[in-house]
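Visitor: I would like a close look at the charged side-chain pairs here, and at the helix and the strands that they lead to. Could you go through them one after another?

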Amino acid sequence: MSEGRERTPGVDSARRVLKILLLFTEKGPELSVEEIAHSVGISVPSAYRFVSLLREMDMVEDNGGGTYVLSPRIFLLARSAEQAFPVSKVLRPLVERLSKDTGEAALVIRRVGDFATCVEMSQPEHTIRLSFEPGQIMSLHRGAGPKVLLAAMGEAWAQRYFDRLRPAPSAAERDAVLAEVQGVAAQGWSKSEAEVDEGVWAVAAPIGVGEKVVAAVTVAGPHFRIDDERAGYITERVVAAAAELSDSLSTWRH
């Protein structure tokens, strides 16, 4: 399973309903029943039944033209999640300061199952556009931030992650990433060049609460303006910011 846990028996219908909710994204906010059926791997009549249940619970609504969207009730869940992981109270000011200190884009990235998603971002006007934007879902095996999150899960989990991945990467890429994340876990930070976006250099470090890594803080910018000296400075600032964020979140939790 994507969370590294055993499958809970006897809840296949509930699992399908949750999968349907997770299909809705910023890039795909509207879905037809046929699209849902194909993505979840169920029949169209079954998809209709599950969508009807979600409508009954006021989680999705008919958008007209045969498509469905998430209902405003989802905003309540989003606010609850923000309270559990205090983006505005803790992350945003520190991310903005890190971006100002380095002159590049600063991001906080979290793991959601087998994916990484950006939960906070600050960037100066002169920086280049990045694939990672708040809410955008990306893989865990490419990019500095995602690899920090993958490394935190341990080698056995990372092996199972690659077993689940579709389409599967080449054996060479898999072996290279598995070897790299061992080093990431040991040194406490990761860097990447053009792994997610062409010409973009990035460095990331883990944010922890207690013994658990809950996120990664990343700075990313165009490779052409980041020489060795500047890369060293940015790495120091990212590692320091990760430690400060870890302390702040630990304090907030208690």
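Guide: Glu 244 is a good place to begin, since its relative accessibility of 32% makes it partly exposed (buried is under 20% relative accessible area, exposed is over 50% and partly exposed lies in between, for a 1.4 Å probe and protein chains only). The model is predicted, so local features are reported at a pLDDT of at least 70 and side-chain atom pairs at 80 or more, while totals for chains, interfaces and linings use all residues. Residues are numbered from 1 along each chain, and side-chain values use heavy atoms, without hydrogens or water.

The side chain of Glu 244 meets that of Arg 97 in a salt bridge, with 2.5 Å from N to O (a salt bridge needs a side-chain nitrogen of Lys or Arg within 4 Å of a carboxyl oxygen of Asp or Glu). This pair links distant parts of the chain, 147 residues apart, with Glu 244 in helix α9 (residues 228-253) and Arg 97 in helix α5 (residues 87-102) (helices, H or I of at least four residues, and strands, E of at least two, are DSSP runs numbered from the N terminus). Arg 97 also counts as partly exposed, because its relative accessibility is 37%. In total, the salt-bridge count comes to 11.

Another of these pairs joins Glu 195 to Lys 147, whose closest N and O atoms are 3.0 Å apart. Since Glu 195 sits in the loop between β7 and β8 whereas Lys 147 belongs to helix α6, this bridge ties together parts that are 48 residues apart in sequence. The two partners can also be described by their accessibility: Glu 195 is partly exposed at 28%, while Lys 147 has a relative accessible area of 3% and is therefore buried.

That loop leads to the strands. Strand β7 (residues 190-193) pairs with β8 in the antiparallel sense over 4 bridges (pairing requires at least two bridges found by DSSP), and Ser 190 has Ala 204 in β8 as its bridge partner. Together β7 and β8 make a hairpin with 6 residues between them, and Ala 194 in the turn has a positive phi of about 55 degrees. Strand β8 (residues 200-209) is largely enclosed by the rest of the structure, because 9 of its 10 residues are buried. Strand β8 also pairs with strand β9 (residues 212-222), again in the antiparallel sense and over 10 bridges, with Ala 220 in β9 as the bridge partner of Ala 202. In the hairpin of β8 and β9, 2 residues lie between the strands, and Gly 210 takes a positive phi near 70 degrees.

Returning to the charged pairs, Arg 174 and Asp 163 form a salt bridge between their side chains at 3.0 Å, N to O. Arg 174 is in helix α8 and Asp 163 in helix α7, so the bridge ties together parts that are 11 residues apart in sequence. Asp 163 is partly exposed, given its relative accessible area of 43%. Elsewhere, Glu 104, Arg 225 and Arg 230 are joined into one network by salt bridges that share partners.

Helix α7 itself (residues 155-164) has Trp 157, Ala 158, Tyr 161 and Phe 162 as its buried residues. Viewed down the axis of α7, these residues fall within an arc of 140 degrees, so they line one face of the helix (the arc is taken from the directions between the helix axis and the C-beta atoms).
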